Structure formats: structure tokens, C-alpha cells
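Visitor: I have a structure open and would like to go through it with you. Could we begin with the terms and then take the features in turn?

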Amino acid sequence: MTCVHLLLTLVFAVSLGTPVEIQGPRGVPLTKKQFYVENKPFTCLDGSRTIPFDRVNDDYCDCKDGSDEPGTAACPNGSFHCTNAGYRTMFIPSSRINDGICDCCDTTDEYNSGAKCENTCKELGRKEREVLQKMTEITKEGFLLKQHLIEEAKKGHQEKQIKVTDMQENKKQLDEKVEVLRTVKETAEQPEKEAKERHLKAWEEQKAAIRLEKDKAKMAEAFLELDDNADGFVSVSELQSHAELDADADGTLTETEAQGLMGGAEQVDMSTFESVWPNIKDKYHSESQPEEPAPVETPPDEVKEPVVDNDSEPYPEDDISEEEDEDDEDEDDYHEDDDKAPPTIKTPEKSHEDEDAMPPYDADTQALIDAAQKARDDFEEAEKALREMDDQIRNIEKELSFDFGPDAEFTYLYSQCYELTTGEYIYRLCPFNRVSQKPKYGGSETNLGTWGSWSGPENNKYLLMKYEHGTGCWQGPNRSTTVKLTCGKETVVTSTSEPSRCEYLMEFTTPAVCQEPANTDLSPHDHVEL
Amino acid sequence: MGLLSVVCVSLFFSSTFAVDRGNFKTCDQSAFCKRQRALKPGQSPYRALLETLELSDSRLTLQLINDNNKVHLLLELYRLQGNMTRVKINELKPLKPRFEVPDVLIAEPPTEPLSVLSKDDNGVVLSLGVKNQRLIVSARPFRLDIMQGPEVLLSLNSRGLLAFEHLRLHKDTDKEEVGLWEETFKSHTDTKPNGPTSISLDFSLPGVEHVYGIPEHADDLKLKTTDGGDPYRLYNLDVFQYELYNPMALYGSIPVMLAHNTQRTMGIFWLNAAETWVDISSNTTGKTVFGKMLDFVQGSSENPQTDVRWISESGIIDVFIMLGPKPSDVFSQYASLTGTQSFPPLASLGYHQCRWNYNDQEDVKSVDQGFDQHDIPYDFIWLDIEHADGKRYFTWDPHKFPQPKEMLQGLMDKKRKMVAIVDPHIRVDSGYKIHNEITSKDFYVKNKDGRNYEGWCWPGNSGYPDFTKPEMRAWWASMFAYDQYEGSMENLFTWNDMNEPSVFNGPEVTMHKDALHGKWEHRDIHNIYGLYVQMATAEGQTRRSGGVERPFVLTRAFFAGSQRYGAVWTGDNAAEWDHLKISIPMCLSLGLVGVSFCGADVGGFFKNPSTELLVRWYQTGAYQPFFRAHAHLDTTRREPWLFGPENTALIREVIRQRYALLPYWYQLLYQAHKTGMPVMRPLWVDYPKDTATFTIDDEFLIGRDLLVHPVTEEGSRGVTAYLPGAGEVWYDVHTFQKHNGAQNLYIPVTLSSIPVFQRGGSIIPRKDRVRRSSTCMENDPYTLYVALSPKKFAEGELYIDDGHSFNYDTKKEFIHRSLTFANNALTSKYLFSPVEYCNIGKIMSCITAEMTSMSRFVWHANLLMISRTGKETPVDFEFDTSMSVLTLRKPGMNAGADWTLLLQ
């Protein structure tokens, strides 16, 4: 009974607790006060129903839109308006009314919870104004800087465009020059080629004659060797002593086989031997020379090697791919160098028979060659210059094609890098290029993402940069970084974090995102509510 | 070559997402299990020596002899209060004492007198008190049968599988069988100074086809037969990326099995903390429903029977047979032995936001703000191992968490709380206070050579405090005092992980069995280690408030009795649909054996969930007792607002549903605490005669009155829920649509659907004003949801206390009302004595109540609220004819008062 009594008292207290000075129902913003007229039936703001006025703020939810309980927590979807004189007005979900937590700085949300709230609006307002002032100053200065940046970017853009145009003009000339030199080269190469061919042909004929001589000598020598009884004939039996001539590889040269080699004859004289010689010369072993070494077989290693290679192919590992990633650009450079400077020193063709070396060119041929070489060099030099020019043009065009913001205000970040050192790492942001992380005390660099795109909200995509496809994480995604841009006088990386494994967040201040201060006049807003 | 390397990569890949089975033993690789399992059913070598029978008032003792080796055993039989029988078997004269598990029973179970009904050469018949219930001891071979009338309820050693490896001297063994005195698994050798010590006993359950329990396994609710496979294993292990639907051991062990049929529910509690394997076989396995029907029609059916066999590595046989007969009887029987679920602080029933890890104070702050920005309630934010300074628990990383009190105060200002992890492995580091004190007090577990046992865990080289020592636990508890645990405050709570214990470089990722806890081997106590860790931690939390505040401690490892110390979660699951599904049977199984405060990591711990899976998991987790989202370090962020506004709204909605139902959850936890009734239950618990419910584990009851069928299929367009209860009705809680019981109901679903039904005949209290945290809702009014039965009847309860202290117990400061709707009147009455009420009334008198009623009759008269004084007050109401919902507007009664609402 005591309890019931107490309850009733408390309920009373609630209804008396409404401060008198507030006009209209609790929690209603000024703009909506007109809908809440004392002692007149209240129509839910969504028009769904009409209720007696004493049901407004009676701690029971009657309207689906929560509009009958702007000052109590009865409706799940209601909202409460705090005036917060001296600070900014605010709507809070009605579930925060009388929950014991001070949400409104004017304490109006906690009128029956026992929470001891202090009115902090003035203090908050002051602080906010200070912050705002600071921000405004920063914005102001930042915006000025931004104008410079825009101008510089414009200038730079124009310059670059002019440069590109100039270069394209130069390129045309270079193109022509290359063509002329190509013709000169080709013209010089024709006689060179012919002279060289002549020289080569002469030499080859000479070589053939020598070879023929040698063969004949060999044949004569063989004949003498075979003719064991020196009767001036080589007989079947004499031939049979050379088992290496065995055709069916059974180890013996039978009489029939020998006869076959001799073209059916029993014996041949020196001149007839000329027709036998081609049949046996490939296999024939001179008796005076040591046996030829067995033909060297293809070394088995050669077959094995690729197998070994494949076996040892490493599992894809982070570290490795990391380094590869990092080296990418450098490698590109090397490749370019390779292209430009192909290996020119060619080792002269070596043969076992050094004595058979080609004789030097005669003076006329050499002169032709020298002339052609010069033409080639000239041509290649010009072509290289053209390629370089192309690269330069392409680079500038690439730069010009970047989205550097609506006024190109981000241009100045291009090809720059900014670092931030934390406890463990040095973070490096190279805008429009890549983000990386390097341990402070040694260790390799990790790619945290390469330039992807602007990815801010629709109304201003230039507030966030996304860097993607960095080094992969174990069992995870590739590293990526979001760079959040805020207005500042200086261009600095202010913080980095890894909110989620391998997803980095970098905060970056730059004047380039400073907006024009909306109002140079600094005044605390919501004066109206005062 | 290319193909080969692809195969290699894919092998590597798949192995990272599934358990490495090779790390864990099969029965064949566990020498005692292999040995015991090699024994086949047959004539038992054991014989009861009836001449040794001694009967005192409360106990019967009798010697058994093994005719093969002449070793004598001592059998002790107790008839326990509450329809239970305890059977203990130990060696009559062991070489040295065998381990008996302490600290699990809340007290020596009170006994009732046993009386001998008859006795002859063949055996003894004892009366078990309950009508017609007898215990028959047969002498040769030895067996026990418990009978009711002509019916055998349960038999022990009926298959002759009682096997007791007696302690012996090493030279005693004539043949050196492998694994008797030493056993090697992978690179680890278990020296077994005591030799073979295992025990085994079989139980036959005639008439039983359904057995449940023996968690923890990632398997169906209804236990499967184990013929041809491994037995269910109970051995607390840290299993990396566990697989589903198999009998492998997991983080916790509760050696309790329930047997159920339409007539009776019984339980077997095998009190042994050593590695244990449970074999289940059944004579109806493989028979189709049709086959069984045919048997029935032809009368040829042999009585269905389930046979169970328990095998443990050491200790004694100490079995409690809980004879029911109702499911609720078994729960209260088991509760009377090992205690009930701790009554948690109300806030811990709210939503928990966890991640490995919230990186620093700034991160914690921004996540906290995120909840406010998106208007999603939560009560606890959690810090995993990275919060501590070099994994030194009880400390804070000085860079990431330099001002823990500031952080905790920030949370407290919003009436929110935090949990920080404290694991039982202690970094071996002479600069670490905790390590130094444990060393100087000589509290570490010892290795077989008597030196401090060391193993690898998160901090690197670690020691493991010997939690089996009461002095150690008292000291550990003292470390939670505010002046010891620097940076802690009253809103900081604790999470005990890795307490199996996990030892990265130990055999099966746990402690060596020959490590020493005083005179006992780790082998003897393994499964109870985790319980002790949570026990000491909960004790510490209670003590830091001078015994006033209730603790909240989450544990991963557990044993019988763990329910007394806090909450349990299902460990490191994965973001996969099957893992969402398995969370239901895993928590149901735990609930059946006392652990009601159970949950699974919402979203899945390993891997990244799809948005759909995440939303479905929230919708499921919100209707499970312990509701915590958690994620692995390597996963992407998944706070509820990171998946677009639509999904944020879906998650917000379901978390709000959870908060609205907190009064009901709290009341159910109170009931669990008082009676042992599980909070989250299989349907058969409340519909024990309905065989259709016996294998259902894709839906469940919360208490008796809410039925939940979570959507756990990807891309689901509908689910079929079984609504039990012939002649009953169920109301869709979202639409008030009424459905008849005893039917399979197809429910079309969208991503926003969570099929939940309220039982007709029930009254559920809710707080429909959902706020930032449960503590913010403390003084909010209740809404009673009255769902009428076809007979226009409903009943329910309302339990209220301060939500966080022990005053409900020490000062009886609580309100516990019975609510009844009958004869067109809704009445609130005390469930407990009025003396308590008036004390309470002073505290709680600020509570007002809205009354909402859902009913099925047309309304055409006045509605009156009548207080106890007889004063009548008219009440406004609204009536929605489409679903026949009557809403009483603001009746405003005191929740603690007597009143009647009369519909005239």
C-alpha cells in the first residue's frame, strides 16, 4: 500500500515538474509550436489521428510518427528538441530523454531522471566559437593559399600544354629527321650488304676448295692404309679389317657388307676408290690417329634443369611479391635502358677451325661498312631522341589527364611525397602515386596501395583518396589506404591508423580542400533561439 | 608442373580453413581408449561379493571382484534426495589414492535411507523410495538395474563393459603392452608413472531412442550412434578452425547425458575430469521410420534401446543417475548437484560488441559514438589480447590505452561497460608483477620433474598458474581488487579465454598430462582446469565490490558446474552458414546440462561474413542468451553500421527487439538461477510427449513462451517452423497473426523476417522503450503482452530487481509477480511473501506499467483497474479488429502492487 501511495505521488511530481517558463509542450522546436495549441485537439503531424490535447506529452505514445510525445521517451521514433541557448540547437532521439545521461547542454532532456546535469551551453558555445574562429582563420588562409595553388596549377597547366605543343612540333621535325636518316641508312646498307656478300661468297668458295683438297688427301691416305699388302688395290678383306665401317652395327663387317661398300667389286684401285670413299669416309677411322672420342651426348642436365627450376619455384610469399611490387617502377626503368642500349659488342663467330677464319675485308668493303655503320648510328640516335620525346610527351599528357580537382588545386601534390613517423613506422604518401609504410628500425617497405580514385561522398568526391591493390595480407585482402583530406594551411600527413586489418586510414591536411569561408562575419548562430 | 603447383596451393589453402585433424587424437591414438574399446560386450568378469554388503542409513557398500585378476573393487550406492541414485566404484585398496573430482558438487548430496526389500544368493533388491522404484544388484555377473514396476529404466554393466584398470607397480605387468607406461603422440611423449588407470562402464537405456547432452561438440542436438566411428570425446581443447558435425572434442566438457522418451526423461552424470570418451549405440540405428512402424504393426518390434559406454583415463567411477521423470525434474536434479546458472547482471543480457581488437582508446571511443550516431543500443564493448602490455594480463598497453580509467569513465557516463580479456597463461618475465608473485608463492603448475611448467601461448614463453589450489585462486581473485588491477573500474568485467588450457607447443595444443598439480597429474584434472579459472575470476569480481555486485565472466573452457560462474561461448567459429546453424544445437546442448548463458560469436570469428550472413546472424544471436559479435584480427571491420543504411536498419531493429525483451530474458535467467530450467530449450523440453519435437534443432524455445525459428539458409525465401502443442495457438510476435499448434507452418521470409511466436496462454513483459543501453532503461515502464489461449487464459511472471547487485538474494530486494488472465480479468499477485514486497516497494515504487493485451474476443464494455484497496479506475483502451488486439492505454499500475484489470 505504501508503494502504491508513493507511486501516485511520483506520478504527480512528474506532472508538476514541467517548468512553467517554457511555453508550449516540451521538446517542440519553435517552428512547430503552432501545431501544439493548448486545450485544442492535437492532430498528429502525419495527420493520422486527432487526440485530446491532454494526451500530448502524457508519456504514452498515440501518434505513429511520435509527434504527440515530443517531450517524453514514450514513442520509439520521436525526437526531442533542445534549445541549448548559447550553443547550437539540437534534436535528439526521444529515447535519450530522462535516461540519466545529459545530452542537451541546457539539461532539458533530463528533467525527471535524477541525473545531475549542468548547463554547459555557454561554455560549449564559447569553445565552439573559438574552434570555429580558428577554423575560419585556417580556412581563410587556406583558401587564399588554394587560390595560389589554383593559379599556379593553371599556369603550370598552360605551360605544360604549351610545352606539349612545342614538343609535338619538335617531334614532327624529329620524325622527319628519323625518316631521312632511315633512308640514308638504308641507302648505305645496300652496297654494304652486297660487298659483304661478295666477300663472304669468295671466302666460301675458297673454303670449299680447301675442303676438297683435304678430302682428297684423306682418301689417298686411307687408300694407302687400307692397302695393307701395298698392291695398289684395296680388297674386300682389307676393308673388312675396319670394323667401324659395319653398317648393321653388329660389330663385324661381313664380306657381303664390305662388298656392298665397294660397289660389288672384289677390289678397287685408287681411282675406283674415289667412288667407294664417300660410302665410308664418315665412319672411317684412320689407323694412325687415336680413336675419335665418342660423340658427346646431349648432357642430361639440360633436361633436368627446368625440372629443378619448377620444383624450386617458391610458394607465393608476401615478402617476395612485396619486393616485386616495389621494384616495379625501377624495373621499368631498367627495361627502358635496355631498349635504348642494346648489347652491341658481338663476339666474332668462333669456330673450332680457327685456321678457317674469314679473312679481313678488303679496304673497299670496309669503307662501305664504315659508312653504313655511321648511317645506322645516326639513325638510332635520332630514333632514340624521338622515343625520349614521346615519353616526355606521354608523361606530360598523363599528368594533364589526372583529375586534380575542379580547379586543378591538387596539381601541386603530383610527384610530391609526404611522410609521417609514428612509434614504429614511417608512412609515406605520394599523392596520385602510392602509399607505403616502412619500419623505422630497418626492414623492407610495404606497399599500402597505389593510386585508385577520388572516393569522397557524392557531393564532394575530393575529400577522400583511395589507394588500392597494395601488398597482399595473409588470409586477407590486399592492403589499401583511404586518405582523408581536410582543410589546413600546411600540406601534412597528420595521422595514420589501421581501423581494419590491412585497411589503412590516413589523415592529410591541405589548403586545396579549403572552402571559401561562407561568411566573413563571425557570429554565434542560433541567435534566434535566444 | 603447373597442375602440380596448383594442387599444392589449393591444399595449402584449404588446410588453412579447416581443423588440422592430425593435431588431435582419435580413439585409436589414445592408448586407454583403444584398450577399452577393444573390450567387446559379453560376460562381465566382475562379481558382487554379497557377503560384504553393508547397509548404513544412507549408503550401501559392497565389494566386487574381478575373477580374472582377483582385484577387489568397492561399490558404494546412495539414494539421493530428489529421485537420484549415486553409484561409486573405486579400488578397495588402491596402491595410492585415485583422484576424486572436488569443487563440482555444491555440497555433499543429501541422501535418503535405502532399504533392502529382499536378498538372496543372486542379489539384492533395494527400494528407491519413489513408488515402485527399485534398484536390483545382481551378483554374478555383477550388474545394476533400476526398475519402476515391471519396467527396467536403466541398467549398469548389463553389457559387461565395467573395466577398472587398477593401480599397479611397473614390474607387475608381465607383458609390455604399448601405451601402458608411456605413450607418444606426434613429438610428445607422455610419461605415465602410474601406468594404466582407465575406467569404463556401460549403461543400457531400454525404451530410449533419443539421447542428448555431453557438450561440447559441433554436432546435432540428438546424439548420434558412434558405431564405426570415433566415440564422442570430452577433453578440453583449443581446436583451431573446428569442423562441424563430428564427435571431436572442443573447448569444454560436461559429462552429462540426457535420455528421453515420451514417458520419461533421465540423466547420467559421470563425474570425472580426465579425458573421457562416450560410445553410443542403438538397436534401432538404421531403421527407417517405416521399418519401425512395420515392426510395431507386426508386433515384432524389439524394444528400442540405447546403449552408452563411458571411458575415462583416470580417477574413479562416480555416477549420478537422475531419474526424472519429467525434463524439469532432471534439470532440478542436476541443479541440486552442481548448482544453477549464475544470475548475471541484467546488462550482460544486452548486446556485446567485440573484436580482436579494438586498437586503442580512440578506436573504442569512435565505436561507442558509432552506436549513438546510428541509434543502436549496446551495453558492453570488449578488448581482446592486444589491449594488454605485451600480453601481460591485468595491464594496459601504455601507447594504445594510456588512460584506461578515462576510457572506462567515458563508457560509464553513457551507462555502458567494458570487458577486458584475462587469460590464464602468464608471461614469464621478471619485470611482470603477476609472474613474480606467482613464482614467489610457488603457484605455477609443475612439470613432471617438479620445475615450473612452461609452454608457448600468446605472450611467448608462459607459466600456467595452478588454479586447482584454493590459495592460488584466492590470490588470483585478489588481483581483481581495484588497487591491484590498475586502470580497472566497476564497469570493467572479464573474459577468460585459452583456459582449456591452451598450450601452443603442447600435445594436442594443451598441457602435458604428466604435468603436476600438487600430487595430482594434469591427466586427472584436465577438464576442470577451465572451470577453476572462471571460478577464481568471478570470485575476484565479486570480492572487489565487497560481495555486493554480481560478476560477469565469460569463459571458453568449462566443466560440470561452470554454470555457477558466468557465461560460455562456442569458441572460434567461422563466418559460414553452417556455423550459424550449428550455434543452435551447440547452445541447446549446453542448456540441457545447466549452462544457460550461452552464445556464439555473431558474424563468425574467422573469415568475413557476407552481409546477408551477418544480418541473419544478428537475427539469430539476438534470440540466444549470450549476444556478442566478435571477429578475428584479420577480418575487415564489421560494426553494425558498415553495411549500408538498409542493413544498419535491419541490425538496429533486431537489437532493439532484443532490448525490448530484456525483462523476459532476465526473468528466465532468474528462473534458471533458481530452478535450473534452461533458458534456451529444445522443443521437447516443454512438449515431452510430442515425438515430432525430439530431433528439432533448427528452432528452439526461449523459456516456455517464445518459439524462434531463425533463418539460417542463404537466400532463403521461406522456412518451415514446427509449432508444437495440439489444441494450442501461437501468435506471430510481429503481426499478432494466430496459428494453430501441432503443425508445420511455412513462413515466407524476406531479409527483415525473424520468425518468432508467442505461445497462446502466456504473458510476456517487455520494455518497449529501447534506449542506448539496458541500464538507461532501468526506470522505464513495462508493457505486458498477453497472448490468450483458446480457453481465454494466460499466465506469466514479472521479475524485477536492481539488475546488478546481490541484494535480490541478501536483502530479498526484488519483485516477483505472478500474472494471470482468466475470466476476463488480468490479475497481478505475489509469488513470494508480502514481507519482501514492502522492502522492495520503497525502492521500486517509481515503476509504472502500460498494459497491452492481445486477445481474440470482441470488446464491448468498460475496462476497470481495481487496486488492492478496491478502488476502481476506468482505463482507456483501443481495439484493433483486424487481429483482435486490445490495447489498454496507460493503466499505470505499480508493477509491485496487487491489482486486477477487469474487462466487463
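Guide: Certainly. Helices and strands here are DSSP runs, with at least four residues for a helix and at least two for a strand. The model is a predicted one.

Visitor: Which residues of chain A does UniProt list as "coiled-coil region"?

Guide: The unreviewed UniProt entry lists residues 150–220 and 365–399 of chain A under that name.

Visitor: What are the helix and strand percentages over residues 150–220 of chain A, and how far apart are the end C-alpha atoms?

Guide: Residues 150–220 of chain A are 100% helix and 0% strand, and their end C-alpha atoms lie 94 Å apart. For residues 365–399 of chain A, the span is likewise 100% helix and 0% strand, with 51 Å between the end C-alpha atoms.

Visitor: Turning to strands, is β12 of chain A mostly covered or mostly uncovered?

Guide: Strand β12(A), residues 480–487, is mostly covered, with six of its eight residues buried. Strand β11(A), residues 464–468, runs antiparallel to β12(A) and is joined to it by four bridges; within this pairing, Lys466(A) has Thr482(A) as its bridge partner. With β14(A), residues 503–510, β12(A) pairs in the parallel sense over eight bridges, and there Thr481(A) is partnered by Tyr504(A).

Visitor: In chain B, what is the order of the open sheet of three strands?

Guide: The order is β25-β27-β26, with antiparallel pairing. Strands β25(B), residues 426–427, and β26(B), residues 454–457, each have a single partner strand, so one side of each lacks a neighbour in the sheet. Four bridges connect β26(B) to β27(B), residues 460–463, and Gly455(B) has Ser462(B) as its bridge partner.

Visitor: Now the interior. Which residues touch the most other members of the largest nonpolar core?

Guide: That core has 158 residues, and those touching the most other members are Phe269(B), Phe394(B), Trp476(B), Tyr618(B), Tyr623(B) and Ile702(B). Helix α14(B), residues 662–675, supplies the largest share of this core, eight residues. At least three residues come from each of domain 1 (41–173 + 197–298 + 306–322) and domain 2 (706–903) of chain B. Apart from this core lies another, of 50 residues, including Ile89(B) and Leu126(B).

Visitor: And what is Trp476(B) in contact with, leaving aside neighbours within four places in sequence?

Guide: Its contacts include Phe394(B), Pro424(B), Ile426(B), Phe467(B) and Thr537(B). Of these, Phe394(B) is also one of the residues that touch the most other members of the largest core.

Key
Residues are numbered from 1 along each chain as its sequence is written. Chains are lettered from A and ligands numbered from 1 in the order in which they are written. This is a predicted model: local features need pLDDT of at least 70, side-chain atom pairs count only at pLDDT 80 or more; totals for chains, interfaces and linings use all residues. Side-chain values use heavy atoms; hydrogens and water are left out. UniProt positions are given in the numbering used here, feature names are shortened, and annotations may be inferred rather than shown by experiment. Two strands pair if DSSP finds at least two bridges between them. Buried means under 20% relative accessible area, exposed over 50%, partly exposed in between (1.4 Å probe, protein chains only). A nonpolar core is a set of buried Ala, Val, Leu, Ile, Met, Phe, Trp, Tyr and Cys residues joined through side-chain atoms within 4.5 Å. Domain bounds come from an automatic or database domain assignment. Contact means heavy atoms within 4.5 Å.
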